[in-house]
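This report describes how selected helices and strands are arranged in one protein chain. Please examine the structure shown here before reading on.

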Amino acid sequence: MGSSLNKPLSDRVEDIDNQSSMVYDPWRNRGDVNSTYHSSSSVTHRRRNHRLSPLEKQKMKNVQSLDFSVNDNLLQRAESEKTTKGLHLKKTFGKWIICLFLGVVVGCIAYVIKMVVQLLQGLKFHYTNHYVSKGLQSEAFLTFSGINLLFVFLSSLMVIVVGPLASSSGIPEVKGILNGVKVREALGFKPLFGKIISLVLSYSSGLFVGPEGPMIHIGSAVAAAISQFKSSTLGFYPSIFSSYRNDRDKRDFISIGAATGLAAAFGAPIGGVLFSIEEVSSFWSRQLTWRTFFTCVIAAFTTNFLLQGIGSSPDMHDTGLLTFGFSRLYLFRYSELLCFCFLGLIGGLLGAFFVFLNIHLNKWRKEKLKQNPFLRLFEALVVSIITSVVCYYASFIFDCRYQSNIVIEATVCEDQSNTEMVQFFCPDGMYSELGSLLFGNQDQALRRLYSRTNNMFTLPPLLVFTLISLLFSIWSSGLWVAGGLFVPMMMVGAGFGRLFGQTISMWFTNIDSSIYALVGSAAMMAGYCRMTVCIVVIMVELTEGTQYLVPIILAVMVSKWVGDFFNESVYEHLMEQKSIPFLQTKPPHSTNSIRISDVMSKNVVVLPEVCQVRLLVNILNSNNHHAFPVINSGAHDIQRLYRGIILRDHILVLLFYRVFYRGTGEEIYLDENFDFDKFTTETSKSPPQLSEMNFDQYELDSFIDLRPYMNSSGMTIHNTFSFVEAYKLFRNMGLRHLPVIDINNEVVGMVTRKDLF
């Protein structure tokens, strides 16, 4: 079966750009059951019902994968024989120390961000309220909008300086990395620094963005930096962290960092763990659960400790960021469960609507604005001005109301500061309904919507607030500023939830509209990001609303089902727009009848076990492949019998250090000057450039034995495999390359991530 491939090795060298898998489309002529899966212009789609177009595949062509599999070579096996229980415990203990340090650092960053945001917002409203108190509307507006404009300008300018990776939430990039995609510079120092500064300014500017998404990216970047602790620029590679400098351990620490960032932002350690499991991580283990929970607790404790005055008080108060009143008498009636399900229906519809409009808007930005910094800055400034105009002047639409109209429920234990409303330009003793929701920070607006009071808001202001929040959340998401979506979506959900609750209270008695605001927030969050367990736990940890688990669970489940009927979550669609080849848990339905031989790369460049340096140099110069199967040519020197696989970077290291073979036959020698520690240290660095290596004639005629350094336990599949089973194996094992062999164990193909789309 492999006779058609038994040509001289030099004749099989093909550039990756000419590989048939990049051109061949097995779905092209399948016109029966799969006819509905032809490439379409639809920007959004349902899960597992989308196939990438040739243009989308072309954009992903140069995206590389991470290598999560263990390089089980002879050096690794020799080192394992010398590894004692003490060394194993040392490495495990080191992971816990890194987790402890990670939790403290992320907690401190969250504290600094919150304090600086509080300071900037305090200054903004201090100067604005100075003119409000004097009744000077124009001066107050100019001050309010001018400060917002300045903050947005500086926030967008920071993104322009450090790069687009500092904008938006960063969750699609983190998800892609944890799925096995190499997103270059996504977790570097520049995006980390730029995201912190941009987030502080954008969140203080009044834009409809939140801090939690960027905090997830920040936590992931901090985790990558602490666990690797190296600098290729400075040539700094301390040996104490060398055992963690591999894609597998780095992936685990990034998963921990993502959870820690959310836990620090929301004060929700359990929610952070579940978020990492349910949303961003593609690989998980029981050991990782323990370390993630430990780190999240440390981060939440650190932030809480610092926010309470660095231990100035002997008491710890963990009341959540958005305290929800505790009812001593009334919860809800069974008949209201149908209403909560209806809230889930609304949340799912609005969530799908948000995804549809926002993804189309981001597609327009990508095509029209592109990476032009001036256009991106101009758009951000325009959105800031319009947001300031609407939030300021919308507060004049409705008449002022008396503060005495607010009825505080006597049976509810609640922080009464939640009932403090914004006077705006109203007379003393009165307040502005929309001003209390739009003319202030988002945390205060949520507290007022969750307030366990009656007659605080009327229906028209709640409707207007919901529409304003939804439309500006759609517009603000995707600007070149750092910002997330959790808090804006919670505001939208709380708005329509309280609106719905007060509407049905006109016909039924004992309806608590604040419960509907809480459930509506959960429904809206599930509607746009399609998480379930994580959303429920985050809402409970945020609000301490443990009495309302059943309504929240019902609304979240219904919202996810409804949203999934129309499209995928916003993060899946954003990854497609960013050309991140994300592998879902299962392949598309249209691939059920495809074989792996239909999509694999057939022109595979292979290497002999003992290879001449001249041949290695020629092969590396002639293609861009990142891995090469190592073969044995058999008794007649014409076969391609699979023996293992070796990465391009490892070959470059062997060439750079002239690790030449000194044997004369089939024996294998382990070079004492290039042992396991030396090999792992050098391969964890940036690979040397082949163009910088100068070989003399003697060196070109020398040989390199690849057997001690190749992965001899790499996964392979038979060419009769179905596409679906090969996809599952590749996805679940976290592979980068998957050689395909025939019945004679000869290499006949290669599968990489791009072949699976």
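## Helices α3 and α4

In this predicted model, helix α3 (residues 85-132) packs against helix α4 (residues 137-162) at an angle of about 160 degrees, and their axes are 7 Å apart. Because angles over 145 degrees count as roughly antiparallel, α3 is described as roughly antiparallel to α4. The crossing of α3 past α4 is right-handed.

Which residues bring the two helices together? On the α3 side they are L120, K124, F125, Y127, T128, Y131 and V132, and on the α4 side E139, A140, T143, F144, I147, N148 and F151. By class, this contact of α3 with α4 consists of nine nonpolar, three polar and two charged residues.

## Helices α2 and α23

Helix α2 (residues 74-82) packs with helix α23 (residues 676-683); the angle is about 125 degrees and the axes lie 9 Å apart. This angle makes α2 oblique to α23. In passing α23, helix α2 forms a left-handed crossing.

From α2, the residues L75, Q76 and E79 take part in the contact, and from α23, the residues F676, D677 and F679. The contact of α2 with α23 comprises three nonpolar, one polar and two charged residues.

## Helices α14 and α16

How do the axes of helix α14 (residues 442-450) and helix α16 (residues 486-504) cross? They come within 10 Å of each other, and the crossing angle is roughly 25 degrees. Because angles under 35 degrees count as roughly parallel, α14 is roughly parallel to α16. The crossing of α14 past α16 is left-handed.

In α14, the residues Q442, A445, L446, R448, L449 and Y450 meet V487, P488, M490, M491, A494, G495 and R498 of α16. The contact of α14 with α16 contains nine nonpolar, two polar and two charged residues.

## Regions annotated as transmembrane

An unreviewed UniProt entry assigns the feature "transmembrane region" to residues 96-120, 140-166, 253-277, 289-307, 337-357, 377-398, 456-475 and 481-501. Two of these annotated regions are described further below.

Residues 377-398 are 77% helix and 0% strand, and the C-alpha atoms at the two ends of this span lie 34 Å apart. For residues 481-501, the chain is 76% helix and 0% strand, with 35 Å between the end C-alpha atoms.

## The sheet of β7, β9 and β10

Three strands form an open sheet with mixed pairing, in the order β7-β9-β10. Its edge strands, each of which pairs on one side only, are β7 (607-608) and β10 (641-647).

Strand β7 runs parallel to strand β9 (residues 627-632), and two bridges join them. P608 has I631 of β9 as its bridge partner. Helix α22 (residues 648-656) lies across β7, β9 and β10, and its direction is at about 75 degrees to β10.

## The sheet of β12, β13 and β14

Another open sheet of three strands follows the order β12-β13-β14, and its pairing is mixed. The strands at the edges are β12 (717-718) and β14 (747-751), each pairing on one side only.

Which strand is joined to β12 by two bridges? The partner is strand β13 (residues 738-741), and the two strands run parallel. Within this pair, I717 is opposite V740 of β13. Helix α25 (residues 723-733) packs on the sheet and touches β12, β13 and β14, while its direction makes about 145 degrees with that of β13.

Note on methods:
Residues are numbered from 1 along each chain as its sequence is written. This is a predicted model: local features need pLDDT of at least 70, side-chain atom pairs count only at pLDDT 80 or more; totals for chains, interfaces and linings use all residues. Side-chain values use heavy atoms; hydrogens and water are left out. Axes are lines fitted to C-alpha atoms, for helices over the stretch in contact, and angles run from 0 to 180 degrees between N-to-C directions. Helices (H or I, at least four residues) and strands (E, at least two) are DSSP runs, numbered from the N terminus. Angles under 35 degrees count as roughly parallel, over 145 as roughly antiparallel, 65 to 115 as roughly perpendicular and the rest as oblique. A crossing is left-handed if the near helix is turned anticlockwise from the far one by less than a right angle, and right-handed if clockwise. Contact means heavy atoms within 4.5 Å. Ala, Val, Leu, Ile, Met, Phe, Trp, Tyr, Cys and Pro count as nonpolar, Asp, Glu, Lys and Arg as charged, and the others, Gly among them, as polar. Two strands pair if DSSP finds at least two bridges between them. UniProt positions are given in the numbering used here, feature names are shortened, and annotations may be inferred rather than shown by experiment.
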